[in-house]
Amino acid sequence: MPQPRKARAAVRNPYSTNHSRNSGRQIPHLDKIDPEAPDRTDILLMVHRFELAGVEIDERAIEIATKFVRWERTRKAEESAKRDAKWKAEKAQRQAEAEARGCWVYFIRAGQLIKIGMTTNLAGRFSSLRPNEVLAVQRGGLDEEAALHRQFAALRVRGEYFHPGPALQQHIRHLRETLGAPDWHKSTVPDGNNWFPVPSKPES
């Protein structure tokens with residue numbers, strides 16, 4: 001004789017709030033903490049940890065939790081400030097070292113793309129790359145190169161090569177206007193498609 005089927009248990013909706021255990025209940029110890037305290041939530045969490053450890057939650061426990069949370073917040077802020085100061089000092093040192101080495105950030109044209117790179121030896125680098133056109137050169141090291149890569153990330157094709165979008169072209173024009181057009185003819189491979197006027201060679 002077949003047995004009757006058991007009624008299927010109702011599927012519980014995990015997103016429903018109807019079954020919340022805290023429904024209609026106040027958060028424990030909420031009334032013991034100043035409602036204006038900016039770190040009230042953190043203090044409540046610390047009090048809860050005290051409770052899990054078997055500590056009796058009285059006024060003294062609330063005071064200790066409050067002091068600890070505020071001490072920890074101050075400690076983290078001081079550590080963050082120290083990290084920021086250290087990072088800034090390291091950045092300044094890298095910049096000074098780059099200037100001492102004579103680091104350069106360059107913009108060159110390779111076909112229809114622009115390469116943004118950094119080197120301490122322009123002649124050697126251009127001899128290796130054989131650009132069609134040297135568009136602009138400025139002082140700078142790895143930090144400046146990385147900042148430019150981020151600035152024009154939307155134009156990136158691959159690696160250090162970028163599409164010649166309007167923003168990048170305007171940046172190069174600005175460099176040429178403020179620093180002068182690079183008078184560089186060695187190691188270039190002219191293709192008759194110069195994007196900017198080529199500086200005239202000095203008369204010998």
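Contact here means heavy atoms within 4.5 Å. Helices (H or I, at least four residues) and strands (E, at least two) are DSSP runs, numbered from the N terminus.

A word on the ground rules. Residues are numbered from 1 along each chain as its sequence is written, and side-chain values use heavy atoms, with hydrogens and water left out. This is a predicted model, where local features need pLDDT of at least 70, side-chain atom pairs count only at pLDDT 80 or more, and totals for chains, interfaces and linings use all residues.

**Exercise 1. Get your bearings: how many helices and strands are there, and in what order do the elements run?**

Step 1. Count the elements: there are five helices and five strands.

Step 2. Read from the N terminus on, and you get α-α-β-β-α-β-α-β-β-α.

Step 3. Look at the contacts with a separation of 6 or more: 56% of them join residues 24 or more positions apart.

Step 4. Check burial, where buried means under 20% relative accessible area, exposed over 50%, and partly exposed in between (1.4 Å probe, protein chains only). Of the 204 residues, 29% are buried.

**Exercise 2. Work out which side of α4 is buried, and what covers the buried residues.**

Step 1. Pick out the buried residues of α4, which are Glu-145, Leu-148 and His-149.

Step 2. They cover an arc of only 100° around the axis (the arc being that of the directions from the helix axis to the C-beta atoms), so they sit on the same side of α4.

Step 3. Recall the geometry behind this: an α-helix has 3.6 residues a turn, so residues three or four places apart point the same way.

Step 4. Turn to the face away from the buried side, and you find the exposed residues Arg-150 and Gln-151.

Step 5. Now for the cover: it includes β1, β2, β3, β4 (156–158), β5 and α5.

**Exercise 3. Zoom in on His-149: is this residue buried or exposed, and what is it in contact with?**

Step 1. Place the residue: His-149 is in helix α4.

Step 2. With a relative accessible area of 11%, His-149 is buried.

Step 3. Set aside neighbours within four places in sequence, and His-149 is in contact with Ile-116, Arg-156, Glu-160 and Phe-162.

**Exercise 4. Check the length of α5, then find its buried side.**

Step 1. Helix α5 holds 14 residues (166–179). The expected span is 1.5 Å times one less than the number of residues, so α5 should span 20 Å, and its end C-alpha atoms are indeed 20 Å apart.

Step 2. List the buried residues of α5: Leu-168, His-171, Ile-172, Leu-175 and Arg-176. Their arc around the axis is only 135°, which puts them on the same side of α5.

Step 3. On the face turned away from that side are the exposed residues Pro-166 and Glu-177.

Step 4. Cover for the buried residues of α5 includes β1 (104–110), β2 (113–119), β3 (133–139), α4 (142–151) and β5 (161–162).

**Exercise 5. Look at some positive phi angles: where do Arg-130 and Ser-187 lie?**

Step 1. Warm up with a glycine: Gly-180, just after α5, takes a positive phi of about 95°.

Step 2. Arg-130 isn't a glycine, yet its phi is positive at about 55°. You'll find Arg-130 in the loop between α3 (122–129) and β3, partly exposed at 46% relative accessibility.

Step 3. Ser-187, not a glycine either, has a positive phi of about 65°. Ser-187 lies in the segment after α5 and is buried, with a relative accessible area of 19%.
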